[in-house]
Amino acid sequence: MADPVSNSISAIGAVASLATKLLKSHVDEQSKRDLVDMVSLLLEAQTNTMAVKVENTTLLDANRELAAEIERMKDWAAEKQRYALGPIWENAVAYLLKENQAAGQPPHALCPNCFTQSKKTFLGPYRTTHGSRGGYDQGMSCPACQTRMNYPYMGDLPALGYAPD
């Protein structure tokens with residue numbers, strides 16, 4: 001079923017077509033002028049109606065996008081309740097999964113920078129060796145925003161735990 005605006009555009013076009021046919025028939029000059037004026041007004045009405053249809057389509061698209069954004073925001077609001085800011089080691093914090101929200105997931109850490117931008121990005125370990133000296137830097141880094149948290153000690157990184165209660 002066509003929408004009302006499309007029906008109006010079709011009806012206006014049909015009336016304009018009938019008026020054009022009348023113009024070609026044998027009518028007096030005043031009637032012809034009136035018919036020309038009527039066709040002109042009908043074409044203007046049809047153009048305006050088409051503009052309304054385009055604007056309506058644009059507004060419907062924007063409404064769908066906003067509804068999807070609201071849904072994403074609701075999903076993120078629920079998801080972020082599963083995490084709490086906590087230490088991963090001395091002088092380094094990340095968003096850690098709450099144990100009571102784990103639902104079988106192992107402990108993991110999310111980037112605090114991305115988290116504040118409503119993005120869930122897992123931190124991963126890195127290790128950079130210093131050539132012939134044999135030393136290295138290590139810690140956790142974010143693949144999305146490149147945030148790095150250096151571990152200040154030699155040896156293995158500590159195992160991640162759940163967020164403290």
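**Exercise 1. The hairpin of β1 and β2**

Find which residue in the hairpin of β1 and β2 takes a positive phi, and work out how the two strands pair.

*Solution.* Start at the turn of this predicted model. The hairpin has two residues between its strands, and Asn91 takes a positive phi near 65°. Next, follow the strands away from the turn: β1 and β2 (residues 92-97) are antiparallel partners, with six bridges between them. To check the register, pick Leu85, whose bridge partner in β2 is Tyr95. Finally, look at the surroundings of β1 (residues 83-89): five of its seven residues are buried, so the strand is largely enclosed by the rest of the structure.

**Exercise 2. Positive phi in two loops**

Locate Ala103 and Ser118, then decide for each whether the residue is buried, partly exposed or exposed.

*Solution.* Keep the background in mind: most residues other than glycine have a negative phi. Now take the residues in turn.

- Ala103 is not a glycine, yet its phi is positive, at about 50°. Its place is the loop between β2 and β3 (109-110). With 78% relative accessibility, Ala103 lies over the 50% cut-off, so the label is exposed.
- Ser118 also has a positive phi, near 60°. This serine sits in the loop that runs between α3 (112-115) and β4. Its relative accessible area is 44%, between the 20% and 50% limits, so Ser118 counts as partly exposed.

**Exercise 3. The open sheet**

Give the strand order of the open sheet formed by three strands, and explain why β4 and β6 each have one side without a neighbour.

*Solution.* Read across the sheet: the order is β4-β5-β6, with antiparallel pairing. β4 (124-129) and β6 (148-150) are at the edges with a single partner strand each, so one side of each has no neighbour in the sheet. Neighbouring strands here are turned by 35° against each other on average, ignoring direction. For a closer look, take β5 (residues 136-141) and β6, which are joined by three bridges. Across this pair, Ser141 stands opposite Arg148.

**Exercise 4. Nonpolar cores**

Identify the residues with the most contacts inside the largest nonpolar core, and list what Trp89 touches beyond its sequence neighbours.

*Solution.* The largest core holds 15 residues, and Ile88, Trp89, Ala109, Leu123 and Met149 have the most contacts inside it. Two elements, β1 and β2, give two or more residues to this core. Now centre the view on Trp89: outside four places in sequence, its contacts are Gly139, Met140, Met149, Asn150, Tyr151, Pro152, Leu157 and Pro158. Another core, of seven residues, lies apart from the largest one and includes Tyr83, Leu97, Ala102 and Phe115.

Methods. Residues numbered from 1 in each chain as written. Predicted model: local features only at pLDDT ≥ 70, side-chain atom pairs only at ≥ 80, totals over all residues. Heavy atoms only, no water. Buried < 20%, exposed > 50% of the residue type's maximum accessible area, 1.4 Å probe, protein only. Helix = DSSP H or I, 4+ residues; strand = E, 2+ residues; numbered from the N terminus. Pairing = 2+ DSSP bridges. Axes fitted to C-alpha atoms, helices over the stretch in contact; angles between N-to-C directions. Core = buried A, V, L, I, M, F, W, Y, C linked by side-chain atoms within 4.5 Å. Contact = heavy atoms within 4.5 Å.
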